[in-house]
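Please open the model in your viewer and keep the sequence panel beside it. We will go from stop to stop, selecting as we go.

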Amino acid sequence: MIENQTVKDILSRRSIRAYEPKQITEEELETLLTCALYAPTGGNLQNSRFLVIQDPEVLEELNLVIRDELRSRPVVEGEMMAKGIRRAMTENYHFIFHAPTLISAVAPRKHSNSMANCAVGLENILIAAEALGLGACWSNQPHWLTEVPAVREIFGRLGLREDEDIFGSVSVGYAAVRPKKAAARKEGRTVRL
Ligand SMILES: Cc1cc2nc3c(=O)[nH]c(=O)nc-3n(C[C@H](O)[C@H](O)[C@H](O)COP(=O)(O)O)c2cc1C
């Protein structure tokens, strides 16, 4: 296998779930956002957008809205949200583990490529974060709760439009833990003819 720096960054990236309180630099944020903007988009429509929350008060407000909303929901075994609801029940819950920066990808609700367009942008952020020595983790809570008025109100302050949904988010900061080794890859996930 060829192991240049980009490949190494892709292979060494891990989800980080504990952060230092210190904010990332403007230059680091700018780099992450530029990498997101250079991800491909279907038809080159460039209709995914990246909304950033760094204000600690707004992040805390969002955390409480997400916590209370998840706590109000039933745990349905087998649903992806079940684990998230259980975690929201814990004391000192913080949906992004007190990361100082949240980047959410938003795009038109009814456009068929929106999820893919947002996901490739967020993946660029995750890899760029690794390359810059930052910690990052996908957070699906804002996506799950994109229709909740209190969530939309907060993102509305950043310009979330009525016709847009939040398709995914990434938390970023300086890692306060050393990531564990990646789990072994499951067999049979690549097939060649
Ligand atoms: C679509 C998607 C949703 C995810 N949602 C969450 C989440 O809400 N909270 C979280 O801590 N991690 C979330 N993750 C991160 C995964 O749990 C993580 O990537 C996986 O456990 C593998 O670990 P690694 O990223 O360290 O390789 C999500 C990842 C993806 C791709």
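What follows is a short tour of a predicted model, from the overall fold to single residues.

**Stop 1: the whole chain**

Start with a cartoon view of everything. The secondary structure comes to 7 helices and 4 strands, and from the N terminus the order of elements is α-α-β-α-α-β-α-β-α-α-β. Taken along the principal axes, the C-alpha atoms fill a box of roughly 50 × 40 × 40 Å. Does the radius of gyration agree or disagree with that of a compact globule? It agrees, because a compact globule of 193 residues would have a value near 16 Å and this chain has 17 Å. Of the 193 residues, 32% count as buried. If you draw the contacts between residues at least 6 apart in sequence, 82% of them join residues at least 24 apart.

**Stop 2: the nonpolar core**

In soluble globular proteins, nonpolar side chains tend to be buried together. Here the largest nonpolar core has 41 residues. Select Ile 125, Ala 129, Ala 136, Val 170 and Val 172 as sticks: these have the most contacts inside that core. Now colour the elements that each supply at least two core residues: helices H2 (26–37), H3 (56–71), H5 (114–132) and H7 (149–156), together with strands S1 (49–53), S2 (101–108), S3 and S4 (164–173). Which element gives the most to this core? That is H5, with 6 residues.

Next, centre on Val 170. Beyond its neighbours within four places in sequence, Val 170 is in contact with Ile 103, Leu 122, Ile 125, Leu 126, Ala 136, Cys 137, Trp 138 and Ser 139.

**Stop 3: strand S3 and its partner**

Select residues 135–139, which make up strand S3. S3 is largely enclosed by the rest of the structure, because 4 of its 5 residues are buried. Add S4 to the selection: the two strands pair in the antiparallel sense over 5 bridges. To find one of these pairings, look at Ser 139, whose bridge partner in S4 is Ser 169.

**Stop 4: around the ligand**

Stay with S3 and bring the ligand into view. Which residues surround the ligand? They are Arg 14, Ser 15, Arg 17, Gly 84, Cys 137, Trp 138, Ser 139, Asn 140, Gln 141 and Ala 182. S3 gives the most to this shell, with 3 residues. Colour the shell by class and you will find 3 nonpolar, 5 polar and 2 charged residues.

**Stop 5: three loop residues**

Move on to the loop between H2 and S1, where Asn 44 sits. Asn 44 has a positive phi of about 50° although it is not a glycine. Asn 44 is exposed, with 7 other C-beta atoms within 10 Å.

Then go to the loop between helix H4 (81–88) and S2 for His 98. His 98 is not a glycine either, yet its phi is positive, at about 60°. Is His 98 buried or partly exposed? With 19 other C-beta atoms within 10 Å, His 98 is partly exposed; the cut-off for buried is 20 or more.

Finish in the loop between S2 and H5, the place of Lys 110. Lys 110 is exposed, having 9 other C-beta atoms within 10 Å. Draw a distance from its C-alpha atom to that of Asp 163: the two residues are 53 apart in sequence and 7.8 Å apart in space.

Definitions and conventions. Residues numbered from 1 in each chain as written. Predicted model: local features only at pLDDT ≥ 70, side-chain atom pairs only at ≥ 80, totals over all residues. Near = placed C-beta within 6 Å. Nonpolar A, V, L, I, M, F, W, Y, C, P; charged D, E, K, R; others polar. Rg over C-alpha atoms; globule rule 2.2 N^0.38 Å. Buried ≥ 20, exposed ≤ 12 C-beta atoms within 10 Å, placed from the backbone. Contact = placed C-beta atoms within 7 Å. Core = buried A, V, L, I, M, F, W, Y, C linked by C-beta atoms within 7 Å. Pairing = 2+ DSSP bridges.
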